[in-house]
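These are my notebook entries on charged pairs, a charged patch and two strand residues, written while going through the structure.

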Amino acid sequence: MTPPKLPATIKSPAYVLDVAALKRNLETVARIKKESGAKVLLATKAWAMPEAFPLMRGTLDGTTASGEYEARLGREEFGKEVHVFAPAYGPGEVERLAKLADHIYFNSPDELARGLAAVETAGRHAGVRINPGYSNATVGGALYDPCAPCSRFGIVREFLDGLPWDRIHTFHAHALCESLHDGSVGLIAHIAKSFAPYLRRVKAVNFGGGHFINKPGYDVGKLIAAIRTFKSSFDLEVYLEPGGGIVVDTGYLVATVIGLTHNEKDIAILDTSASTHMPDVIETPYRPHIFGAGEAGEHAHTYVLGGKTCMTGDVIGEYSFKAPLKIGDRLVFSDM
């Protein structure tokens with residue numbers, strides 16, 4: 001990957017958007033929409049940069065939120081369709097969301113029973129998130145698998161027959177995380193085969209996020225074919241809500257070395273924190289790429305990179321460099 005040419009005036013820590021890369025990714029979205037007839041939403045729980053919304057508004061159909069404040073962001077800053085899902089809603093939250101969101105998804109029969117009237121009174125669309133029992137999360141294992149055993153996400157099959165399907169607009173199924181086309185195609189085929197009786201009673205289906213449509217190796221043509229096959233069997237509006245799949249490899253995180261120390265190994269302290277700026281490093285875990293750096297021992301000078309917080313585990317990883325690091329050196333992380 002070619003290092004970006006970033007202005008020296010950028011002060012760190014800073015997230016920097018590559019506008020040209022984002023536009024290229026949006027071309028993928030435009031192709032999916034044109035050739036499949038699906039609608040595509042931006043999952044703001046995965047990525048939210050209002051300054052970029054004007055670039056995205058002409059291609060995307062709206063946003064999807066995980067709560068009230070993201071719904072406000074979508075309504076006030078993006079201005080198109082707003083969808084929202086949370087595993088549970090607090091007192092009065094559904095009523096407030098009904099003023100902001102077009103589609104509100106419920107996670108259990110109890111939530112649906114308590115919130116459905118408020119959604120209908122506001123003239124909005126109610127949806128249910130079901131647990132399809134289909135696992136294809138390619139990163140993080142059970143940590144990022146919505147269909148892991150005992151997952152809190154989605155209504156399981158045994159409770160579906162008791163739902164008021166004549167009052168439900170959208171069938172929602174999210175089961176993927178950074179999945180290539182095999183996951184997307186597999187999920188669509190699984191939903192069509194396993195849940196046909198319910199699909200014939202709703203107006204729309206949302207296949208959720210995790211479709212990594214701009215990642216190398218993702219065959220967009222196979223996704224398009226799967227959606228077209230699905231739509232030929234079910235007369236339904238189809239939604240996808242990728243987050244990272246829309247913005248992958250479009251941004252950088254600029255950090256600066258602010259301290260150097262040694263404790264068995266050389267350690268560099270950055271003005272950037274794993275826990276604050278890239279929490280997946282700790283949660284998944286994963287090792288982000290730094291332009292010009294290699295694996296530990298690959299180059300002559302190896303450092304443990306850590307953040308400036310008080311948490312002991314705030315460590316980004318071990319990296320090697322061709323020259324010794326010094327105070328003031330700037331490091332640029334990719335895909336941020």
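**Entry 1: salt bridges.** I searched the whole structure, which is a predicted model, and the search returned 15 salt bridges. I had in mind that side chains of opposite charge can pair when their charged atoms come close. I then looked up several of these pairs in turn, noting for each where the partners sit and how far they are covered.

**Entry 2: R31 and E35.** I found the side chains of R31 and E35 joined in a salt bridge, with 3.3 Å from N to O. Both belong to helix α1, which covers residues 19–36, and because they are four residues apart in that helix, about one helical turn separates them. I checked the exposure of each partner: R31 has a relative accessible area of 37% and is therefore classed as partly exposed, and E35, at 36%, is likewise partly exposed.

**Entry 3: K265 and E318.** I next looked up K265, which forms a salt bridge with E318, and I noted 3.1 Å between the closest N and O atoms. This pair links distant parts of the chain, since K265 lies in strand β13 (residues 265–270) and E318 in strand β15 (residues 315–321), with their positions 53 residues apart in sequence. For K265 I recorded a relative accessibility of 42%, which makes this lysine partly exposed, while E318 is partly exposed with a relative accessible area of 27%.

**Entry 4: K326 and D329.** Here I asked myself whether K326 is buried or exposed. K326 has a relative accessibility of 52% and so counts as exposed, the cut-off for that class being over 50%. Its salt-bridge partner is D329, and I noted 3.2 Å from N to O between the two side chains. D329, by contrast, counts as buried because its relative accessibility is 15%, and buried means under 20%. I also noted a network in which salt bridges with shared partners join K39, E81 and E237.

**Entry 5: a negative patch.** I then turned to charge on the surface, where E178, D280, E283 and D335 gather in a patch of negative charge. Of these I followed up E283, which I placed in helix α11, residues 280–283. At 47% relative accessibility, E283 counts as partly exposed.

**Entry 6: V332.** I located V332 in strand β16, which spans residues 330–333, and at 12% relative accessibility V332 counts as buried. Which residues is V332 in contact with, leaving aside its neighbours within four places in sequence? I listed P4, L6, Y252, L253, H289, I290 and F291. As a further check on position, I took the C-alpha to C-alpha distance from V332 to H181, and noted 30 Å in space for two residues that are 151 apart in sequence.

**Entry 7: T170.** I placed T170 in strand β8 (residues 170–172), and I recorded a relative accessible area of 0%, so T170 is classed as buried. Leaving aside neighbours within four places in sequence, I found T170 in contact with H103, Y105, A126, G127, V128, A204, V205 and N206. I also looked up the separation of T170 from A20, which is 150 residues away along the chain, and noted 35 Å between the two C-alpha atoms.

Definitions and conventions
Residues are numbered from 1 along each chain as its sequence is written. This is a predicted model: local features need pLDDT of at least 70, side-chain atom pairs count only at pLDDT 80 or more; totals for chains, interfaces and linings use all residues. Side-chain values use heavy atoms; hydrogens and water are left out. A salt bridge is a side-chain nitrogen of Lys or Arg within 4 Å of a carboxyl oxygen of Asp or Glu. Helices (H or I, at least four residues) and strands (E, at least two) are DSSP runs, numbered from the N terminus. Buried means under 20% relative accessible area, exposed over 50%, partly exposed in between (1.4 Å probe, protein chains only). Patches are made of residues with over 30% relative accessible area and no salt bridge: like charges are joined within 9 Å, nonpolar side chains (Val, Leu, Ile, Met, Phe, Trp, Tyr) within 5 Å. Accessible areas come from the Shrake-Rupley method with a 1.4 Å probe; for residues, only the protein chains shown count as cover. Lys and Arg count as positive and Asp and Glu as negative; His and the chain ends are not counted. The place of a charge is taken as NZ of Lys, CZ of Arg, CG of Asp or CD of Glu. Contact means heavy atoms within 4.5 Å.
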